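The following report concerns a ligand site and a strand pairing. Please consult the sequence and the structure shown here.

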Amino acid sequence: KKKIAVMTSGGDSPGMSGAVRAVIRQTIASGCVAYAVYEGYQGLVDGGEMIKQMQWEDVRGWLSEGGTLIGTARCMDFHERAGRLKAANNMIEKGIDALVICGGDGSLTGADRFRSEWPSLVEELVATGKRREEEVKPFKHLNIVGLVGSIDNDLSSTDATIGCYSSLDRICNAIDTIDSTAFSHQRAFVIEVMGRHCGWLALMAGVSCGADFVFIPENPPSENWEDEMCSVIKKHRELGKRKTTVIVAEGAHDQELHPISPSRVKDLLSKRVGLDTRVTTLGHVQRGGPPAAYDRMLATLQGVEAVKAVLEATPETPSPVICIVENKIVRKNLMEAVKLTKQVAADIESKNFKKAMEGRDAEFSE
Ligand code: ATP
């Protein structure tokens with residue numbers, strides 16, 4: 001019977017537990033044996049109890065749980081060949097040759113690297129006497145399938161990542177809450193949201209909450225952003241608005257890249273526009289709590305598709321990542337998707353914002 005393992009890695013996101021549930025149950029429904037790797041790649045490197053066989057009932061109720069119930073971690077050992085060698089040995093010991101990883105672009109890169117190195121890792125295990133030749137015969141290839149778990153919606157090639165709509169909901173609820181007090185006192189609020197290289201959360205929160213001004217990492221403010229922002233906000237106030245909302249993505253005020261900061265925005269609104277202004281950093285509330293219905297659906301449909309992809313894979317098929325494009329669950333080339341994602345991040349870091357914006361546009365016009 002084929003053995004398929006699932007793990008979560010990198011930053012947690014709402015819906016990851018639902019994805020694990022879907023992979024485990026689809027694996028069992030397909031007549032295979034399901035395993036969960038606890039604590040991300042660390043669990044794979046440590047082996048033993050960290051790689052656990054899972055039954056149907058073990059994941060009961062997981063669909064509505066936030067975060068990831070099998071844990072996640074950033075694992076330095078897996079960056080080293082020695083760590084990956086241990087991981088390969090642990091997998092062979094359990095008889096597992098297929099791995100579904102739910103994580104961000106870093107985790108997916110690590111997975112693909114593990115797959116391409118797999119034959120040489122197996123060879124080394126035999127050469128060093130850790131495994132016998134006959135023992136490794138059925139494990140000549142490793143199957144990897146990626147699922148994207150991220151609140152930032154930062155993976156190119158998919159319309160939505162597992163967790164981004166829950167996070168957007170949480171941000172909207174927080175802004176609605178702040179709006180009541182802002183309206184009552186006619187205040188201005190500068191709200192910082194997550195998003196290091198991707199302004200999707202900030203932009204969509206701006207659209208969903210009717211913000212007055214939004215700063216995103218891909219699009220640096222113009223030279224005269226201070227005058228521009230103040231005049232927009234003054235105009236809105238003259239039109240009768242009692243509250244002001246400015247949203248700043250965390251990656252939009254990296255001092256190396258952009259000349260703004262939430263406190264600078266606050267000073268401008270207070271001193272130039274004369275508004276009673278406060279700064280609120282939403283922080284980790286954006287990550288936690290039960291997943292929105294959309295993320296439950298996405299996690300389930302994609303988890304099922306991931307198992308189908310594992311069962312249809314051949315040694316020649318490049319590792320797939322499960323995406324959603326125009327409401328259809330599709331498989332894409334994992335490393336191509338990671339490459340596009342890393343390119344936009346690199347363009348932002350090197351201040352090539354025009355190219356970063358073109359990269360984002362290309363994702364939508366694909
Ligand atoms: P997030 O988007 O939330 O940051 P991520 O998956 O991109 O999630 P990373 O911290 O980049 O998070 O990666 C998670 C783990 O994946 C790392 O701690 C490491 O164990 C493994 N990993 C990442 N990149 C590589 C790589 N190039 N080679 C081997 N392992 C890697």
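An oxygen atom of the ligand lies 2.7 Å from an N or O atom in the side chain of Arg74. The table lists this polar contact (a pair of N or O atoms within 3.5 Å) with two others.

| Ligand atom | Protein partner | Distance |
|---|---|---|
| oxygen | Arg74, side-chain N or O atom | 2.7 Å |
| nitrogen | Arg113, side-chain N or O atom | 2.8 Å |
| oxygen | Gly11, polar backbone atom | 2.9 Å |

Of the 620 Å² of accessible area that the ligand has on its own, the protein covers 84% (Shrake-Rupley method, 1.4 Å probe). The model is a predicted one, in which local features need pLDDT of at least 70, side-chain atom pairs count only at pLDDT 80 or more, and totals for chains, interfaces and linings use all residues. Residues are numbered from 1 along each chain as its sequence is written, and side-chain values use heavy atoms, with hydrogens and water left out.

The ligand is surrounded by 16 residues (a heavy atom within 4 Å); the closest are Arg74, Cys75, Gly106, Ser107 and Arg113. This shell comprises 3 nonpolar, 9 polar and 4 charged residues, where Asp, Glu, Lys and Arg count as charged, Ala, Val, Leu, Ile, Met, Phe, Trp, Tyr, Cys and Pro as nonpolar, and the others, Gly among them, as polar. Helix α4 (residues 105-127) gives the most to the shell, with 6 residues (a DSSP run of H or I, at least four residues).

Elsewhere, strands β10 (residues 320-325) and β11 (residues 328-333) run antiparallel and are joined by 6 bridges (strands are DSSP runs of E, at least two residues; pairing requires at least two bridges). Val325 has Lys328 in β11 as its bridge partner.

Key: Polar contact = N/O pair within 3.5 Å; in protein donor to acceptor, adjacent residues only side chain to side chain.
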